[in-house]
Amino acid sequence: MLRKIYDGLPESLRKPAAFAFYYTVPFPYNRGLLFARIYKQLMETQYLDEQALQSLQLERLKHLLSHAYENTGYYKKLFAKYDFQPKKIQDFSDLSVLPRIILTREEINRNFDELVAQNYKCHKILLRTGGTTRVPMNFYVSETAYLTALACTQRQWHWAGVKPKDLIFVFRGGLVTKKAIRSRRFYERINNEVYFSTSDMNESVLERYVDMINKMKPAAIRGFPSCLQIISDYIMEKKLYVFSPKAIQTSSEVLLPEQRKKIESAFNSPVFDAYGNGEHTVIATECEKHQGLHLNQEFGYTEFVKVEDSQEGENIFKVVTTSLLNDAFVFFRYDTEDLVVLAESSCSCGRKMPLIKKIMGRCGDIIRCSDGRKISPVSFANFWVDNLRDNLKGIKYVQLVQEDFDFFVVKLVGVKDSGNEKLIRNVLPLLLGKNVRLEFEYLSCVPAGKKWRVTISKFQ
Ligand SMILES: [Zn+2]
């Protein structure tokens, strides 16, 4: 209904009308009736016990898979092949007849048309992910799944003590809009969020940003860990005063413990990490007790497949996901390519949604050594911090690119220095193996707006 009215307005009136609606109508109705219903439900289901959460998931899963069987060519064939009848699901164990991973990015690209639900008539959004480091992929997201993801984020703001309509500053990848690029403006205000360009954060831009934080006093800040780290480094280096928002939310990249510490001390504010993906199949959010990230079970059914040969001493799992709400394009047992460590105890906040202790997949690739060892990006980052970082001169960031089993390019953000190179040549083979060949490459700054991956392997 609201969408129809909005779509019927002339272009020039749409933005002012959306603004007026957003500010005058009380939350959550200012985001539309569907959003309001979803948000209210989420506020109720957050305190369900394990059993109730599981039956909610089972009910949604059964509905989704029956729908997939009836309305998509892909799942009709797949379920017939394994003689799997979604309507007969009694328990999650009934899924054991099916492969543990069904969809990969390549599989989706090969079967796009057959994955689109034929009966879906409501509003759906065509999205695209991937690009620089992963295979690009198109898919649809239903309006319900899309709005539920937004509502899960809003619920996390509630956990963080940030009120609806509070002012939020956003530091994520890239520049804001084409208009902003033309006019060399560095920020854009949308509703009560101010989006900042992170493409060219040199000293004078950073100075302006800190100045704006101090003047406008945002209730919260959200952004990529790497973007917030760059701002935090600047604040700490210049010993600047900066206003402390109520909370800082990080997402879209792995938040390293060291980054969390830096951001929290630069702003003197607590960090609330969040994990999700562009495919809208999984969301996990950190609560006010900061003991891990709660899986938002209302949104997705998440399975964890153990990864063999982990070097961490902890059990590492691959995250395999099913969106429970996307009936426009069914993601069932989709491989996120992300790795996590699960928390063994439950959270003291009282919410029973399971906890992820650590996310490992997004900050880089696993390095495979010629002697069969696998080194996680986090292990490499920790090794670098413990053995090299503080002994190097003028180096801010590192990226390790594995070209071949025994050949690596060490990309350094900083100034070329033979002393540094000598030290790295002495120390890094302790981790990568003694026969390793190293080459160096220098960058003047972190490639702006891109997700900075600490390790890249060219043969995944
Ligand atoms: Zn909690």
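Modeller: A residue counts as buried if 20 or more other C-beta atoms lie within 10 Å of its own, as exposed if 12 or fewer do, and as partly exposed in between, with C-beta atoms placed from the backbone. This is a predicted model, in which local features need pLDDT of at least 70 and side-chain atom pairs count only at pLDDT 80 or more, while totals for chains, interfaces and linings use all residues. Residues are numbered from 1 along each chain as its sequence is written.

Colleague: Is lysine 239 buried or exposed?

Modeller: Lysine 239 sits in the loop between α11 and β7; helices (H or I, at least four residues) and strands (E, at least two) are DSSP runs numbered from the N terminus. Its phi is positive, about 50°, although lysine 239 is not a glycine. Because lysine 239 has 6 C-beta neighbours inside 10 Å, it counts as exposed.

Colleague: Lysine 246 is in which loop, and which residues does lysine 246 touch?

Modeller: Lysine 246 also belongs to the loop between α11 and β7 (247–250). With 16 C-beta neighbours inside 10 Å, lysine 246 is partly exposed. Its C-alpha atom is 6.8 Å from that of valine 162, although the two residues are 84 apart along the chain. Not counting residues up to four places away in sequence, and taking contact as C-beta atoms, placed from the backbone, within 7 Å, lysine 246 touches Ala160, Gly161, Val162, Ala219, Ala220 and Ser269.

Colleague: What is phi of histidine 290?

Modeller: Most residues other than glycine have a negative phi. Histidine 290, in the loop between β9 (283–286) and β10 (293–295), is partly exposed, with 15 other C-beta atoms within 10 Å. Its phi is positive, near 55°.

Colleague: Which residue follows α10?

Modeller: Helix α10 (residues 203–216) has 14 residues, and at 1.5 Å a residue these should span 20 Å. The expected span is 1.5 Å times one less than the number of residues, and the end C-alpha atoms of α10 are 20 Å apart, which agrees. Next along the chain, with a positive phi near 45°, comes lysine 217.

Colleague: Where does a cis peptide bond occur, and what is its omega?

Modeller: Most peptide bonds are trans. Proline 28, in the loop between α2 (11–24) and α3, is joined to phenylalanine 27 by a cis bond, and omega is about 0°.

Colleague: Which helix gives the most to the largest nonpolar core?

Modeller: A nonpolar core is a set of buried Ala, Val, Leu, Ile, Met, Phe, Trp, Tyr and Cys residues joined through C-beta atoms within 7 Å. The largest has 99 residues, and Phe171 and Val330 have the most contacts inside it. Seven residues of this core come from the helix that gives the most, α8 (residues 143–159).

Colleague: With which residues is valine 330 in contact?

Modeller: Valine 330 is one of the two residues with the most contacts inside the largest core. Leaving aside neighbours within four places in sequence, its partners are Leu64, Ala68, Thr72, Tyr75, Leu115 and Ala117.

Colleague: At what angle do α3 and α8 pack?

Modeller: Residues of α3 that meet α8 include Leu34, Phe35, Ile38 and Leu42, and among those they meet in α8 are Leu147, Leu150 and Ala151. Axes are lines fitted to C-alpha atoms, for helices over the stretch in contact, and angles run from 0 to 180 degrees between N-to-C directions. The axes of α3 (residues 33–45) and α8 are 9 Å apart, and the angle is about 50°.

Colleague: How is that angle classed?

Modeller: Angles under 35 degrees are roughly parallel, over 145 roughly antiparallel, 65 to 115 roughly perpendicular, and the rest oblique. The angle between α3 and α8 is about 50°, so α3 is to α8 oblique.

Colleague: What is the handedness of the α11 and α12 crossing?

Modeller: The axes of α11 (residues 225–237) and α12 (residues 257–267) come within 9 Å and cross at roughly 50°. A crossing is left-handed if the near helix is turned anticlockwise from the far one by less than a right angle, and right-handed if clockwise. The crossing of α11 and α12 is left-handed.

Colleague: Is valine 319 buried or exposed?

Modeller: Valine 319 is in strand β12 (residues 316–323). Its contacts include Val282, Phe304 and Val340. As 25 other C-beta atoms lie within 10 Å, valine 319 is buried.

How values were computed: Contact = placed C-beta atoms within 7 Å.
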